[in-house]
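Here is a walk through one protein model, from the whole chain down to single contacts. Keep the viewer open and follow along.

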Amino acid sequence: MQLEGQARKLTTHSMAFTPGLLQTGPYASAVFTQTVPPTPRHEVGPRTTFRMQRQRIVRSGVTPYSAFIHQAALHMRFSGPEVQPAPLPPDSPDSS
């Protein structure tokens, strides 16, 4: 989190899943439970909380953030329909 706070800009490329800085809490938890090797159960909650804290940097608007996400990543499912990636912002070129 310290490096992100000092960055002039952030850029993410993702082919398989929604980038961590754009994930919802339930989606992040589902991703952590599906890793290989599996994330220990007692670490899923703290890791999800930390990921949500990192997002504050992006949401603050202080540091420009760009995410290049393959369309397949937007359709990847890590759990049931209640676990969805965050919706794309309305000004995103592929949000329609």
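**Around the third helix**

On one side of helix H3, opposite its buried residues, His42, Pro46 and Arg56 are exposed. Bear in mind that this is a predicted model. The helix itself runs over residues 41-60, which makes 20 residues. From its first C-alpha to its last, H3 reaches 30 Å, close to the 28 Å expected at 1.5 Å a residue.

Now turn to the buried residues of H3. They are Val44, Thr48, Arg51, Arg54, Gln55, Ile57 and Val58. Why do they share a side of H3? They cover an arc of only 150° around the axis, and that puts them on the same side. What do they pack against? Their partners are helix H1 (2-6), strand S1 (10-14), helix H2 (25-33) and strand S2 (65-69). Just after H3 comes Gly61, with a positive phi of about 80°.

**The whole chain**

Step back to the full fold. The protein chain has four helices and two strands. Along the sequence they follow the pattern α-β-α-α-β-α. The chain has 96 residues, and 30% of them count as buried. Take the contacts between residues at least 6 apart in sequence: 72% of these join residues at least 24 apart. The exposed surface of the protein chain is about 6600 Å². Carbon and sulfur atoms supply 58% of that area.

**Helix H2 and the loop after it**

Go next to helix H2. At its start, a side-chain oxygen of Thr24 reaches to within 3.2 Å of the backbone nitrogen of Tyr27. Tyr27 is also one of the buried residues of H2, along with Ala28, Ala30, Val31 and Phe32. The cover over these residues includes H3 and H4.

The loop between H2 and H3 holds Pro37. A cis peptide bond joins Val36 to Pro37, with omega about -5°. Thr39 lies in the loop between H2 and H3 as well. Is Thr39 buried or exposed? Its relative accessible area is 11%, so Thr39 counts as buried.

Two polar links start from the side chain of Thr39. One reaches the backbone oxygen of Phe32 at 3.0 Å. The other is a polar contact of 3.1 Å with the side chain of Thr35. Leaving out residues up to four places away in sequence, Thr39 touches Phe32, Val44 and Arg47. Phe32 is among the buried residues of H2, and Val44 is among those of H3. Arg47 is also found in helix H3.

**The salt bridge on H3**

Arg47 leads to the charged pair. How many salt bridges does the structure hold? It holds one. The side chains of Glu43 and Arg47 form it, at 2.7 Å from N to O. Side chains of opposite charge can pair when their charged atoms come close. Glu43 and Arg47 both lie in helix H3, four residues apart, about one turn of the helix.

Both residues can be placed by their accessibility. Glu43 has a relative accessibility of 25%, so it counts as partly exposed. Arg47 is at 37%, so it is partly exposed. The cut-offs matter here: buried means under 20%, and exposed means over 50%.

Arg47 has further neighbours. Setting aside residues within four places in sequence, Arg47 is in contact with Phe32 and Thr39. Arg47 and Ala28 are 19 residues apart in sequence, and their C-alpha atoms are 8.6 Å apart in space.

**After helix H4**

Finish at Met76. Met76 sits in the segment after helix H4 (71-75). With a relative accessible area of 35%, Met76 is partly exposed. Which residues does Met76 touch, not counting those up to four places away in sequence? They are Ala16 and Tyr27. Met76 and Ala16 are 60 residues apart along the chain, yet 7.0 Å separates their C-alpha atoms. Tyr27 brings the path back to H2, where it is one of the buried residues.

Methods
Residues numbered from 1 in each chain as written. Predicted model: local features only at pLDDT ≥ 70, side-chain atom pairs only at ≥ 80, totals over all residues. Heavy atoms only, no water. Expected span 1.5 Å × (residues − 1). Buried < 20%, exposed > 50% of the residue type's maximum accessible area, 1.4 Å probe, protein only. Arc of directions from axis to C-beta. Contact = heavy atoms within 4.5 Å. Areas by Shrake-Rupley, 256 points an atom, 1.4 Å probe, with all protein chains shown as cover. Salt bridge = Lys/Arg side-chain N within 4 Å of Asp/Glu carboxyl O. Polar contact = N/O pair within 3.5 Å; in protein donor to acceptor, adjacent residues only side chain to side chain.
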